[in-house]
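Here's a quick briefing to read with the model open beside you. Have a look at the structure first, then work through the points below.

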Amino acid sequence: MAVVSSSDKEKEVETVIIGSYIEMEKDEAKPSSFKSAFSNFLWHGGSTYDAWFSCASNQVAQVLLTLPYSFSQLGMLSGIAFQLFYGILGSWTAYLISILYVEYRTRKEREKVDFRNHVIQWFEVLDGLLGKHWRNVGLAFNCTFLLFGSVIQLIACASNIYYINDNLDKRTWTYIFGACCATTVFIPSFHNYRIWSFLGLVMTTYTAWYLTIASYLHGQVEGVKHSGPTKLVLYFTGATNILYTFGGHAVTVEVMHAMWKPQKFKAIYLLATIYVLTLTLPSASAVYWAFGDMLLDHSNAFSLLPRSPYRDMAVILMLIHQFITFGFACTPLYFVWEKAIGLHDCKSMCKRAAARLPVVVPIWFLAIIFPFFGPINSAVGSLLVSFTVYIIPALAHMFTFRSAAARESAVEQPPKFVGRWAGSFAINIFVVIWVLIVGFGFGGWASMINFVHQIDTFGLFTKCYQCPSPKVANVTAPSPTPVNLNHTHHLVHRL
C-alpha cells in the first residue's frame, strides 16, 4: 500500500477545492531556448508578483497628480483620513471579487468547462453565480467605467505633455496621444503586461517622490492659505476623487485569470494598496502644504511646480505610464467587443487587433469633448466606481451566499478575524450604505455640480483646459508726429 505524505494530501485537497487550472500550469512550463526564456521573462507573466505589480501600477496612475487638488478641497486631515478609509474599503471589495471569481471558476470546472482560449470577465462571473439580470447590470457599469477610465488617461496625457511643450494646445495633443494609445490593440492579454507593470510602478514611484521632495524644496508660497474645507460641494468632490483612486479594481477578474494560481490573489490588492499609500500620502500632503488654496484652480500638480529636468522627467514617465494604464483599462473592453463579434477565440493577433480598433474611437471622441482633468475623475468616481467596484461586489457576495447550503459548500470561507459570515455580511451592508449615500448620493451631487461648472466656464471641446492666458505684450503706441503749424499755414496761404 502506497504511503501518501501530508504535503501530497494538501495538494490534492487544493486541487479539489480550487480547480485544476491545467491550461495555466502549461503556460508556466519552462521554455526550451534562451530566446523564448528571455521573451517570457519580459512578456509573459502570471505569478503573484506580476499580479501585485499590475494592481499597484494600475491603482494610482494619473490620479497621483490630482490628489493634491483633492486635498485643497478636503483639507489635510480629511484628505489623509479618506485615503486610509477608501484604501481599506477598496481592498475589501477586491477581496470579495476574488472570492466570487474562484467560486465561479470552481463550479464551472466541475462541469468540465474549458477556459483554455477564453478570458473570464466580471460580468460572466455575475452571470454564472446570479443570472442574466446581474450580468447585464454588471456589464453596463463595468464597461462604462472602463470606457471613461480610458478617457481619463487620454486627457491626462494631453494635460501633462503641455507642461513641457506648449507649442500645441491640449486638444491637439489629445489627437496625437489617441493615435499612440490605439497601439494597445496589439497587446493580447494581461499576461503580456509583465514588464510594463513593473516599469509603470517604477514611474509612479519616481513621480510621487519627485512631487514630495520638489514641494518641500520649493517651500510654501508667499501668503499660502490652507482654508479647506470651505464648501460642501468641494468637500464631496474631493472625497469622490479619492473613492475613484482606490476603485481601480475593475480589472481584478482579468488580472486573476492571467495568474497561474488565482487562489493566491486574496491579499495581493491589500498589499498593493499599502504600497500605494506610501506614494499618495506624502506627495499629496507635501504639494498641498506648499501651495495650499492655489490648487483649487490647478487640478494638475505639475502646473505649480517650476520647470526643471526632474519635472520634465516626471512628466515623460507619467506619459508612458498613462499609455500603460490606458491599455489596462481598455483591454477588458477589447475582450467584451471580441466576444460580441465572435473573434475572442481567434488565434490571429492581427485580426483581433483590427477588430479592436473601433473601441478606441469613442474614447478618443469623449476625451476631446470633456477635457476636464480632475473634475471628470470625481464624476466617474461617484456615478460609476461607486457601483462597479463597491456596491455591486458587496451585494453579489451576499446574494451568492445567502442560503445556508451555499455558505456551507463555499470554496472559500470568510476569515475568522472579520467574524466569518456574519461579520462579512455586516461589512458588506456597511459598504453598500456608505457608498450609496456618501459616494453616490452626496458625491454624485457635488461632482456633477462641479462638472457642469467646468462646462459653463470652459465649454465643451475646449482647446486648452486650464491653460494660462496668453501674455499680452505691453507695447506703447507711438506718439503721433507733431504737426508744424507754421508750415501748414504757409501751404494754405500759397493755395
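**Salt bridges**

E338, R352 and R356 are tied together in a network of salt bridges. Keep in mind that this is a predicted model. Across the whole structure, a search turns up ten salt bridges, and a few of them get a closer look here.

- Let's take K339 and E124: they form a salt bridge, and their closest N and O atoms sit 3.0 Å apart. This pair links distant parts of the chain, since K339 belongs to helix α14 (residues 309-341) and E124 to helix α7, with the two positions 215 residues apart.
- Burial in that pair is split: K339 is partly exposed, with a relative accessible area of 21%, whereas E124 has 14% and counts as buried.
- R135 pairs with D127 in another salt bridge, where the closest N and O atoms are 3.8 Å apart. R135 is partly exposed at 27% relative accessibility, and D127 is partly exposed too, at 30%.
- R307 makes a salt bridge with D312, with 3.2 Å between the closest N and O atoms. Here R307 is exposed, at 54% relative accessible area, while D312 is buried at 17%.
- As background, side chains of opposite charge can pair when their charged atoms come close.

**Helices α6 and α18**

- The axes of helix α6 (residues 76-110) and helix α18 (residues 420-458) come within 11 Å of each other and cross at roughly 125°.
- Angles over 115 and up to 145 degrees fall in the oblique class, so α6 and α18 count as oblique to each other.
- As for handedness, the crossing of α6 and α18 is left-handed.
- Which residues meet where α6 and α18 touch? On the α6 side they are F82, F85, Y86, L89, W92, T93 and L96. On the α18 side they are S424, I427, N428, F430, V431, W434, V435 and V438.
- Sorted by class, the contact of α6 with α18 has twelve nonpolar residues, three polar ones and no charged ones.

**A buried threonine**

- T273 sits in helix α13 (residues 268-291).
- Is T273 buried or exposed? Its relative accessible area is 2%, and the cut-off for buried is under 20%, so T273 counts as buried.
- Leaving aside residues up to four places away in sequence, T273 touches Q59, G87, S91 and F246.

**Backbone oddities**

- Some background first: most residues other than glycine have a negative phi, and most peptide bonds are trans.
- The peptide bond from G228 to P229 is cis, with omega near 0°. You'll find P229 in the loop between α10 (194-218) and α11 (232-245).
- K112 isn't a glycine, yet its phi is positive, near 65°. K112 lies in the loop between α6 and α7 (122-130), and its 73% relative accessibility makes it exposed.
- R420 is another non-glycine residue with a positive phi, about 55°. R420 is in helix α18, and with 41% relative accessibility it counts as partly exposed.

Terms used. Residues are numbered from 1 along each chain as its sequence is written. This is a predicted model: local features need pLDDT of at least 70, side-chain atom pairs count only at pLDDT 80 or more; totals for chains, interfaces and linings use all residues. Side-chain values use heavy atoms; hydrogens and water are left out. Helices (H or I, at least four residues) and strands (E, at least two) are DSSP runs, numbered from the N terminus. Buried means under 20% relative accessible area, exposed over 50%, partly exposed in between (1.4 Å probe, protein chains only). Contact means heavy atoms within 4.5 Å. Axes are lines fitted to C-alpha atoms, for helices over the stretch in contact, and angles run from 0 to 180 degrees between N-to-C directions. Angles under 35 degrees count as roughly parallel, over 145 as roughly antiparallel, 65 to 115 as roughly perpendicular and the rest as oblique. A crossing is left-handed if the near helix is turned anticlockwise from the far one by less than a right angle, and right-handed if clockwise. Ala, Val, Leu, Ile, Met, Phe, Trp, Tyr, Cys and Pro count as nonpolar, Asp, Glu, Lys and Arg as charged, and the others, Gly among them, as polar. A salt bridge is a side-chain nitrogen of Lys or Arg within 4 Å of a carboxyl oxygen of Asp or Glu.
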